[in-house]
Amino acid sequence: MVDLQTQYQQIKEEIDKGIQGVIDSAAFVKGQIVNDFQQHLAEHLGVKHVIAVGNGTDALQIALMALGLKPGDEVITPTFTFIATAEVVAVLGLKPVVVDVDIDTFNIDPEAVRRAITPKTKAIVPVHLFGQCANMDAIMQIAHEHHLFVVEDACQAIDATYTFANGHTAKAGCMGHIGCTSFFPSKNLGCYGDGGALFTDDDELAAKIRAIANHGMVVRYHHDMIGVNSRLDSIQAAVLEAKLPHLTEYTAARQSAAAYYDKTFDGHPRIIIPVRNPQSTHVFHQYTLRLVAPKGQDTAAFRDDVRARLNEKGIPAMIYYPVPLHMQKAYLDPRYRAGDFPAAEQLADCVLSLPMHTCLDNEQLTYITSSLLDILG
Ligand SMILES: *Cc1c(COP(=O)(O)O)cnc(C)c1O
């Protein structure tokens, strides 16, 4: 699915130099390189503050803590996403309220958000799934009308650009009150371990986030709020600092692989290629198809069989995500039943993600596409 080894070989000198620099300085935690990276990423994204933390899940948790939400407050998230989005809500004693997604873009359905709002609703967490932004015009409008916070889960969409209806553009994670991202190795900007960050333009929120990520401490050993310990270590920052200047070309490489897939599969009766939101660029964290089963065949069984046959040919293909949040054992809730979120449930049965990374060459793309076309007959 990913090829981090080839990518490393292409920039080995820069990476090795960065890591060696950290070892030579022995500033393994809170080294200057972390500040440098935060500043360079902030400049790249056009956001005022980047606060690096231990991972993307921590970023989401710290964001909700910084907003001062209280147990029982409701937070709206899509039901078709990675579990971390709702997990942090539950961990904090807040109430995850899940809503359906748009079947074409896989992203949170603003009308469903509107219907889910109650007097206890405090925040919306849209996820820019697979690398394309959710409908942020509608989300920000709803948040404005109901005085809600917006925390963007941009873990899969770093560097995607959204164009608002009024022509204003912004990067994924830089539109809501706080944006969160992950630097997990397979993410679009990945380090060589765990890492994550929060984005905000709000000085007060930024100060609070910094304190919470550092044991709730502003003055050393004086703890003004309950915090956590979550930080990006210097070695990871060095890797990210070396990779950041390549982010634009990495995104272009993903987009070019996606264009190849699109060109080959467009119009095929068994394949629906990823539908673009015209207001967002797509940075293709994943290239995710929907498969259409022949009449009379079970959709999930058909998809699972196609996937198994791709695997037999040595092609990894993954299902992101096979079970929507409301059907996950740990999150079962009498409010929700199978059938409540038809788009998410249908997607869980028909999606298939193909290999997607920055080093896919024509030979690999030809092999992957011709194999899938063979299997589909
Ligand atoms: C990866 C991811 C996360 C969590 O990031 P970690 O760094 O693995 O904690 C959260 N949300 C989404 C949508 C993700 O893809």
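In this predicted model, P274 touches D262, F284, Y287, T288 and L289, leaving aside residues up to four places away in sequence. This proline sits in the loop that links β10 (271-272) to β11 (287-291). Its relative accessibility is 7%, and since anything under 20% is taken as buried, P274 counts as buried. P274 also has a distant stretch of chain for company: D104 is 170 residues away along the chain, yet the two C-alpha atoms are separated by 7.5 Å.

L289, one of the residues that P274 touches, turns up again around L372. Setting aside residues up to four places away in sequence, L372 touches F265, I271, L289, V306, L310 and L354. L372 belongs to helix α13, and with a relative accessible area of 0% it is buried. Two of its contacts, V306 and L310, come from α11, where they are joined by F302 and R309 in meeting S371, L372, I375 and L376 of α13. As for the helices themselves, α11 (residues 299-312) and α13 (residues 362-376) pack at an angle of about 135°, their axes 10 Å apart. The pair is therefore oblique, and the crossing is right-handed.

Now for the sheet. Seven strands make up an open sheet with mixed pairing, in the order β1-β9-β8-β5-β4-β2-β3. At its edges are β1 (49-53) and β3 (95-99), each of which pairs on one side only. On average, and ignoring direction, neighbouring strands here are turned by 25° against each other. Strands of a sheet can pair either parallel or antiparallel, in both cases through backbone hydrogen bonds. For β4 (residues 121-124) and β5 (residues 149-153), the arrangement is parallel, with two bridges joining them. A123 has F149 of β5 as its bridge partner.

Several helices come up against these strands. Helix α7 (residues 136-146) packs on the sheet and touches β4 and β5, with its direction making about 150° with that of β5. Helix α4 (residues 56-66) lies across β1, β5, β8 (178-182) and β9 (196-200), and it runs at about 165° to β8.

Helix α5 (residues 84-91) has A84, T85, A86, V88 and V89 as its buried residues. What do these buried residues of α5 pack against? The answer is α4 together with three strands, β2 (74-78), β3 and β5. Just past the end of α5 comes G93, which takes a positive phi of about 80°.

Helix α8 (residues 203-213) can be described along similar lines. Its buried residues are L205, A206, I209, A211, I212 and A213, and their cover includes β1, α4, β8 and β9. At the start of α8, D202 puts a side-chain oxygen within 2.9 Å of the backbone nitrogen of E204. Just after α8, H215 has a positive phi of about 60°.

A last distance links this part of the model to the α13 helix described earlier. A206, which is buried in α8, and L372, which is buried with a relative accessible area of 0%, are 166 residues apart in sequence, and 47 Å separates them in space, C-alpha to C-alpha.

Key: Residues numbered from 1 in each chain as written. Predicted model: local features only at pLDDT ≥ 70, side-chain atom pairs only at ≥ 80, totals over all residues. Heavy atoms only, no water. Pairing = 2+ DSSP bridges. Helix = DSSP H or I, 4+ residues; strand = E, 2+ residues; numbered from the N terminus. Axes fitted to C-alpha atoms, helices over the stretch in contact; angles between N-to-C directions. Contact = heavy atoms within 4.5 Å. Buried < 20%, exposed > 50% of the residue type's maximum accessible area, 1.4 Å probe, protein only. Polar contact = N/O pair within 3.5 Å; in protein donor to acceptor, adjacent residues only side chain to side chain. Parallel < 35°, antiparallel > 145°, perpendicular 65-115°, else oblique. Left-handed = near helix turned anticlockwise from the far one by under 90°.
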